[in-house]
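Reader: I would like to go through this model with you one term at a time, asking for each label what earns it. Please give me the cut-offs along with the values.

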Amino acid sequence: MLEKIKQTAEFLRSRVGGEMPKVAVILGTGLGSLVDHIDEKLYIPYSEIPNFPVSTVQGHSGNLIFGTMGGKRVMAMQGRFHYYEGYDMKTVTFPVRVMKELGVETLFVSNAAGGMNKEFVVGDVMIITDHINLFPENPLRGKNYEELGPRFPAMTEPYSKELVALADAIGQEKGMRLMHGVYVGTTGPTFETPAEYEYFRVIGGDAVGMSTVPEVIVARHADMRVFGISVITDLGGKDITEVPSHEEVQKAALKAQPTVEALMVSMVERC
Ligand code: HPA
């Protein structure tokens with residue numbers, strides 16, 4: 001694995017040239033247009049990157065994008081690798097390993113999620129303050145490479161409190177409605193049953209989705225700072241009868257896009 005990480009990083013260094021970014025962004029479902037805010041873009045399709053798998057889901061295009069945002073060098077993943085696609089955890093999280101190898105210190109993640117918190121409405125933007133890993137596997141299972149991080153990493157502050165505070169300050173300045181909450185990560189690809197949404201709420205979850213947790217675990221293992229947001233694209237629980245679909249999720253994510261973009265751009269500028 002160490003060899004593959006180095007090989008991929010070396011390829012990207014030579015393709016991109018110049019200074020490597022200290023900030024990376026993983027763009028979730030329907031949030032891909034954040035790339036419109038990246039200047040001097042260089043697109044590298046995943047299919048051209050050694051050791052990268054190819055993204056398979058409709059609505060997730062697969063490109064690594066290098067450029068600048070608010071004058072800062074950034075790299076962005078347009079499309080991520082999901083466990084439900086059949087990739088193993090090492091593959092899902094491989095790009096985060098490469099980011100670290102390139103020198104990335106801060107990771108921004110975004111996703112679409114179903115809301116269990118009764119105060120949420122569709123289109124809300126939730127700052128992730130913590131998560132619950134309900135994937136059947138931890139991406140760090142197996143041999144630990146001390147070069148990458150410790151065998152038993154603490155997860156006391158999975159999402160940077162400092163960055164959450166910065167987001168709140170930006171939200172206040174710009175008059176945004178920003179919710180806080182705990183993200184529950186599950187495998188999918190099924191959306192939840194009413195009883196499952198209820199269960200996730202009872203155990204302390206505010207929103208549920210099919211991504212993010214593996215990448216955040218690997219980023220924290222490597223001591224990167226993490227900031228995450230969920231767009232609430234549907235609501236679930238025992239009294240909710242609306243049927244979620246991938247199309248609805250994408251539509252709702254589009255609605256929240258202006259808020260998400262404004263927040264993310266300011267965060268990158270000021271982090
Ligand atoms: N459940 C799981 N993943 C999701 C949901 C949901 O309700 N909405 C968007 N991604």
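**Contacts and surroundings of the ligand**

Author: A nitrogen atom of the ligand lies 3.3 Å from a backbone N or O atom of Ala 112. This is a predicted model, in which local features need pLDDT of at least 70, side-chain atom pairs count only at pLDDT 80 or more, and totals for chains, interfaces and linings use all residues. Residues are numbered from 1 along each chain as its sequence is written, and side-chain values use heavy atoms, with hydrogens and water left out.

Reader: What makes the pair formed by Ala 112 and the ligand a polar contact?

Author: A polar contact is a pair of N or O atoms within 3.5 Å, and the distance at Ala 112 is 3.3 Å, so the pair qualifies. Gly 114 adds a polar backbone atom that is 3.3 Å from a nitrogen atom of the ligand, while Thr 233 contributes through its side chain, with an N or O atom 3.5 Å from a ligand nitrogen. Of the 260 Å² that the ligand exposes when taken alone, the protein buries 96% (Shrake-Rupley method, 1.4 Å probe).

Reader: Which residues surround the ligand, and what puts a residue among them?

Author: The shell is made up of Ala 112, Ala 113, Gly 114, Phe 191, Glu 192, Tyr 197, Val 208, Gly 209, Met 210, Thr 233, Asp 234 and Val 249, and each belongs there because one of its heavy atoms lies within 4 Å of the ligand. By class the shell holds seven nonpolar, three polar and two charged residues; Glu 192 and Asp 234 count as charged because Asp and Glu are on the charged list, whereas Gly is placed with the polar residues. Strand E5 (106-115) gives the most to this shell, with three residues.

**The pockets**

Reader: How do you know that the ligand occupies a pocket, and which pocket is it?

Author: A molecule sits in a pocket if more than half of its atoms lie within 2 Å of the pocket's grid points, and the space taken by the ligand is the largest pocket. Strands E5, E8 (207-209) and E9 (225-235) are the elements that give two or more residues to the shell around the ligand. The volume of the largest pocket is about 330 Å³, and among its 23 lining residues the closest to its centre are Thr 29, Tyr 84, Phe 191, Met 210 and His 246. E5 supplies the largest share of this lining, four residues, and the lining as a whole divides into 10 nonpolar, 10 polar and three charged residues.

Reader: What is the volume of the second largest pocket, and which element gives the most to its lining?

Author: The second largest pocket has a volume of about 210 Å³, and helix H6 (246-270) gives the most to its lining, with four residues. Among the residues that line this pocket are Thr 233, Asp 234, Glu 248 and Lys 251. The lining comprises five nonpolar, two polar and five charged residues.

**The cavity**

Reader: Why is a space called a cavity rather than a pocket, and how many cavities of 30 Å³ or more are found?

Author: On a 1 Å grid over the protein atoms alone, a cavity is a set of points where a 1.4 Å probe fits but cannot get out, whereas a pocket is an open set with protein on both sides within 12 Å along at least five of seven lines; lining residues have an atom within 4 Å of a point. The search finds one cavity of 30 Å³ or more, and the largest cavity holds about 100 Å³ of space. It is lined by 15 residues, of which Met 1, Lys 90, Arg 97, Pro 139 and Leu 140 are the closest to its centre. Helix H2 (89-102) gives the most to this lining, with four residues, and the classes are seven nonpolar, four polar and four charged.

**Two backbone features**

Reader: Which form, cis or trans, does the peptide bond from Gly 188 to Pro 189 take, and what is noted about phi of Thr 212?

Author: The peptide bond from Gly 188 to Pro 189 is cis, with omega near 0°, and Pro 189 lies in the loop between strand E7 (178-185) and helix H4 (194-202). Thr 212 has a phi near 70°, a positive value in a residue other than glycine, and is located in the loop between E8 and H5.

Terms used: A polar contact is a pair of N or O atoms within 3.5 Å; within protein, one must be able to donate a hydrogen and the other to accept it, and residues adjacent in sequence count only if both atoms are side-chain atoms. Grid points are joined across faces, edges and corners, and a volume is the space filled by probe spheres set on the points.
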